[in-house]
Amino acid sequence: MLPVLAQLSLLGTDVVVPAYGTFLLLAALVGGLLAAAGVRRTARTGQGGIGPSAISRRRAALVVGACVAAGLAGARALDIALDWGAYAGDPGSMAAIAPRGFA
């Protein structure tokens, strides 16, 4: 995959659109929309044995957000565990929001 999808110049500032972050955001949005659609369908039809008021759209959005955050944290933790040498010299890089270690 290309690391950069697009590079634009906006009001004299270079804007870089990274591929990984863009597709991660797209996946979270699609997952959230599918979850909301499933909640709406379940509430309307009562299918699934959980009844019409089992989960709200807000709770579904919170669950999707929590899953994205947990996935990112787990990916970074696994990268730290598997490639400790890259972080040993600079422990502050463990908390950095950098493209490294999120896949």
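1. Two strands are said to pair if DSSP finds at least two bridges between them. By that rule, strand β1 (residues 4-10) and strand β2 (residues 13-18) pair in this predicted model, running in the antiparallel sense and joined over six bridges. Two of the residue pairs can be named here: L8 has V15 in β2 as its bridge partner, and L10 stands opposite T13 in β2.

2. The place of this pairing in the whole chain is easily read from the order of the elements. The secondary structure comes to three helices and two strands, and along the sequence these follow the pattern β-β-α-α-α, with helix α1 covering residues 19-45, helix α2 covering residues 57-82 and helix α3 covering residues 84-88.

3. Confidence should be kept in mind when reading what follows. The average pLDDT over the chain is 78, and 78% of the residues score at least 70. Confidence is highest in β1, with a mean of 88, and lowest in helix α1, with a mean of 77.

4. The turn of the hairpin deserves a careful look. Two residues lie between the strands β1 and β2, and L11 is found in this loop. The phi angle of L11 is near 55 degrees, which is a positive value in a residue other than glycine. Is L11 buried or exposed? L11 counts as exposed, because its relative accessibility is 86% and the cut-off for that word is over 50%.

5. Helix α2 can be tested for regularity with simple arithmetic. Its 26 residues, at 1.5 Å a residue, should span 38 Å, and the C-alpha atoms at its ends are 37 Å apart, so the expected and computed values agree. The buried residues of α2 include A60, V64, A75, R76, D79 and I80. When reading such a list, it helps to recall that an α-helix has 3.6 residues a turn, so residues three or four places apart point the same way.

6. C67 also belongs to helix α2, but C67 is exposed, because its relative accessible area is 51% and exposed means over 50%. In sequence C67 and A28 are 39 residues apart, while in space their C-alpha atoms are 9.0 Å apart.

7. The segment after α3 holds two residues worth following, S93 and A95. A polar atom of the S93 side chain lies 2.6 Å from the backbone oxygen of D90. Leaving aside residues up to four places away in sequence, S93 touches R76, A86 and Y87, and R76 is one of the buried residues of α2.

8. Is A95 buried or exposed? A95 is exposed, since its relative accessible area is 66%. A95 and A73 are 22 residues apart along the chain, and their C-alpha atoms are separated by 9.6 Å.

9. Some totals for the chain complete the picture. Of the 103 residues in the chain, 14% are buried. The chain exposes about 7,500 Å², and carbon and sulfur atoms supply 69% of that area. Among the contacts with a separation of 6 or more, 24% are accounted for by residues 24 or more positions apart.

Notes: Residues are numbered from 1 along each chain as its sequence is written. This is a predicted model: local features need pLDDT of at least 70, side-chain atom pairs count only at pLDDT 80 or more; totals for chains, interfaces and linings use all residues. Side-chain values use heavy atoms; hydrogens and water are left out. Helices (H or I, at least four residues) and strands (E, at least two) are DSSP runs, numbered from the N terminus. Buried means under 20% relative accessible area, exposed over 50%, partly exposed in between (1.4 Å probe, protein chains only). The expected span of a helix is 1.5 Å times one less than its number of residues. Contact means heavy atoms within 4.5 Å. Accessible areas come from the Shrake-Rupley method with a 1.4 Å probe; for residues, only the protein chains shown count as cover. A polar contact is a pair of N or O atoms within 3.5 Å; within protein, one must be able to donate a hydrogen and the other to accept it, and residues adjacent in sequence count only if both atoms are side-chain atoms. pLDDT is the predictor's confidence in each residue, from 0 to 100.
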